[in-house]
Amino acid sequence: MSPAATALVADLKRANVLASVQSLLSWDEQVYLPSDSAARRAEQSALLAELHHREATNPRIGESLAALESLGADAAEDERVLRRQARKDYDRLTKLPAEFVAEKARLDSASYHAWAAARAARDFAQFAPFLERQLGMARREAELLGLADAYDHALDKHDPGITAARLETLFAELKRDLVPLARRIVAGRVPDRRAALCGFPVEQQGEFLREVTAALGFDYGRGRIDVSLHPFCSGDGHDIRMTTRFDADNPLDSLFSAIHETGHGLYEQGLAREWIGTPLGEAVGMGIHESQSRLWENQVARSRAFWQFWEPRFRARFAPRLDGMSSEELHRAINAVQPTLIRVDADEVTYNLHIILRFEIEQRLFRGELAVADLPATWNALAQELLGLTPAHDGEGCLQDVHWSGGAFGYFPSYCLGNMIAAQLWYAVRAALPGLDEDLAAGRFDRLLGWLRTQIHGRGRRLETEELVRAVTGEGISSRHLVRYLGERYLPLNGG
Ligand code: ZN
């Protein structure tokens, strides 16, 4: 490494250590923090955020970057990656004036409380002025960074290289094929017996999901799983903190939440440990991250092959609770489809329709084709068109998600990109590793994880979202793999 690259790496890692402490505090806040200690935690987090920003915008980083940039094409390949990605991050942090950052923080806080109150009152009008201001901030942020398109910028923050135009094509294709497929699957549904899965002791659920996630390859020597209201995964390959939640009458929820978060954890644990905190040891973006969690949760853990191995263990662990349920009934419970108005409760088939809805709304808002005041009516019309359901009030319609209150536009599409990429990777890995089903049926995941480590995890941020998918699968992102997978998995179970 050149002296400039060595200095840059040291400074990036130093800032990243502070970020990791912030993340640990936030994990603790959601898992262990006593109820009356929130004010102290806010103080701790604010100071750390300030210290982290100071380190991440250290002028020394700018000097190292300038020195690296002066090397031009002479820089080694990894140094070019470092230079390109660190420059992007550094500019984003340094080009926004302190007043703008402070104003945004104040707005986020006020806007979050306004959203929570509006949602409780089921009244969008209370939240509308805050959404209007968040849209204004998003536009100003792009201007300050010298970027022409505010929505493209919002998308790029979550999935590098992905633009609104690209998503428009992708989602239009997905919508064309998925809407009729979802209708067919929903129309052919047979009642499932999920409700019969009750009285599963929480402690044994915890033991079982630890057994499963350790078998997938999660290293509990540098990570752990705890309980929180909403499952999440934070930390990095040095120390991963995952959470799940337990319900004695819904054992599949804790298990699949844990497998989902394990997919995120495996990605982080698979990044090159010596480069953690630098673009060579960081995840590409949210869409790729989500492709990892969804692949393990859905393609792998909802498959028949997977349960060939785990069903006897599941039954033995919880005997005699599954005695009245056949293997086929268990498989149907694991793959139940039920359209709902609420995104976070949606099944794998209809989930993507919730994202298409939000993308269409965001696009119209940013293009100025939709006034904020008209959002509920547009939302409800799209819900009817896509899901066949109309919200009775804004609480189960346009106010259900927290994202927009924090100005997190361009975030939702990542979930759907993740689903598309997961299906695309699934067909690629099956072609690359013949006999994968036999592996799953024998409880072996090392070949699959090894392939993901080489193809995705180990590459860090060397490639942008779609470049990476192309490098691994030989083609750009395409919705047809997801549509094929959903048809193959769900039509046979639903009268198809
Ligand atoms: Zn996730």
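The following exercises, each with a worked solution, concern a predicted model.

**Exercise 1. The helix α1**

Determine whether the end-to-end distance of helix α1 (residues 3-31) agrees or disagrees with the span expected from its number of residues, and state what covers its buried residues.

Solution.
Step 1. Helix α1 has 29 residues, and at 1.5 Å a residue it should span 42 Å.
Step 2. The C-alpha atoms at the ends of α1 are 42 Å apart, which agrees with the expected span.
Step 3. The buried residues of α1 include Ala4, Ala5, Leu8, Val9, Leu12 and Trp27. Two aspartates, Asp11 and Asp28, are also listed as buried in α1.
Step 4. Among the elements covering these buried residues are the helices α2 (38-56), α3 (59-70) and α4 (77-94). The strands β1 (223-227), β2 (233-236) and β3 (239-244) also belong to the cover of α1.

**Exercise 2. The open sheet**

Establish the order of the three strands in the open sheet and the direction in which each pair runs.

Solution.
Step 1. The strand order is β1-β3-β2, with mixed pairing.
Step 2. The edge strands are β1 and β2, each of which pairs on one side only.
Step 3. Neighbouring strands are turned against each other by 15 degrees on average, direction ignored.
Step 4. Strands β1 and β3 run parallel and are joined by five bridges. Within this pairing, Arg224 has Arg241 of β3 as its bridge partner.
Step 5. Strands β2 and β3 run antiparallel and are joined by four bridges. Cys233 has Met242 of β3 as its bridge partner, and Asp236 stands opposite Asp239 in β3.
Step 6. Two residues lie between β2 and β3, which form a hairpin.
Step 7. In β3, five of the six residues are buried, so this strand is largely enclosed by the rest of the structure.

**Exercise 3. Two helices in contact**

Decide whether helices α8 and α20 are roughly parallel or roughly antiparallel to each other.

Solution.
Step 1. The axes of α8 (residues 164-187) and α20 (residues 480-490) come within 10 Å and cross at roughly 10 degrees.
Step 2. Angles under 35 degrees count as roughly parallel; α8 and α20 are therefore roughly parallel to each other.
Step 3. From α8, the contact is made by Leu174, Asp177, Leu178, Leu181 and Ile185. From α20, Leu482, Val483, Leu486, Gly487 and Tyr490 take part.
Step 4. The residues of this contact divide into eight nonpolar, one polar and one charged.

**Exercise 4. Two arginines and a serine**

Classify Arg358, Arg92 and Ser291 as buried, partly exposed or exposed, and name their contacts beyond four places in sequence.

Solution.
Step 1. Residues under 20% relative accessible area count as buried, those over 50% as exposed, and those in between as partly exposed.
Step 2. Arg358 belongs to helix α14 (residues 351-367). Its relative accessibility is 0%, so Arg358 counts as buried.
Step 3. Beyond its neighbours within four places in sequence, Arg358 is in contact with Arg343, Trp379, Gln400, Asp401, Trp404 and Phe412.
Step 4. Arg92 is part of helix α4. Its relative accessibility is 22%, and Arg92 therefore counts as partly exposed.
Step 5. With the neighbours within four places set aside, Arg92 is in contact with Leu145, His153, Asp156 and Lys157.
Step 6. Ser291 lies in helix α11 (residues 286-300) and is buried, with a relative accessible area of 0%.
Step 7. Under the same exclusion of neighbours within four places in sequence, Ser291 is in contact with Gly418, Ile421, Ala422 and Leu425.

**Exercise 5. The covered helix α7**

Find how many residues of helix α7 (residues 150-158) are buried, and which helices are included in what covers them.

Solution.
Step 1. Seven of the nine residues of α7 are buried, and the helix is mostly covered.
Step 2. The buried residues are Ala150, Tyr151, His153, Ala154, Leu155, Asp156 and His158.
Step 3. What covers them includes α4, α6 (124-144), α8, α11, α14 and α16 (412-432).
Step 4. Two of these buried residues, His153 and Asp156, are also among the contacts of Arg92.

**Exercise 6. Backbone features in loops**

Identify where the cis peptide bond from Ala319 to Pro320 and the positive phi of Arg122 are placed.

Solution.
Step 1. The peptide bond from Ala319 to Pro320 is cis, with omega near 5 degrees. Pro320 lies in the loop between α12 (304-318) and α13 (327-334).
Step 2. Arg122, a residue other than glycine, has a positive phi near 55 degrees. Arg122 lies in the loop between α5 (98-121) and α6.

Note on methods
Residues are numbered from 1 along each chain as its sequence is written. This is a predicted model: local features need pLDDT of at least 70, side-chain atom pairs count only at pLDDT 80 or more; totals for chains, interfaces and linings use all residues. Side-chain values use heavy atoms; hydrogens and water are left out. Axes are lines fitted to C-alpha atoms, for helices over the stretch in contact, and angles run from 0 to 180 degrees between N-to-C directions. Angles under 35 degrees count as roughly parallel, over 145 as roughly antiparallel, 65 to 115 as roughly perpendicular and the rest as oblique. Contact means heavy atoms within 4.5 Å. Ala, Val, Leu, Ile, Met, Phe, Trp, Tyr, Cys and Pro count as nonpolar, Asp, Glu, Lys and Arg as charged, and the others, Gly among them, as polar. The expected span of a helix is 1.5 Å times one less than its number of residues. Buried means under 20% relative accessible area, exposed over 50%, partly exposed in between (1.4 Å probe, protein chains only). Two strands pair if DSSP finds at least two bridges between them.
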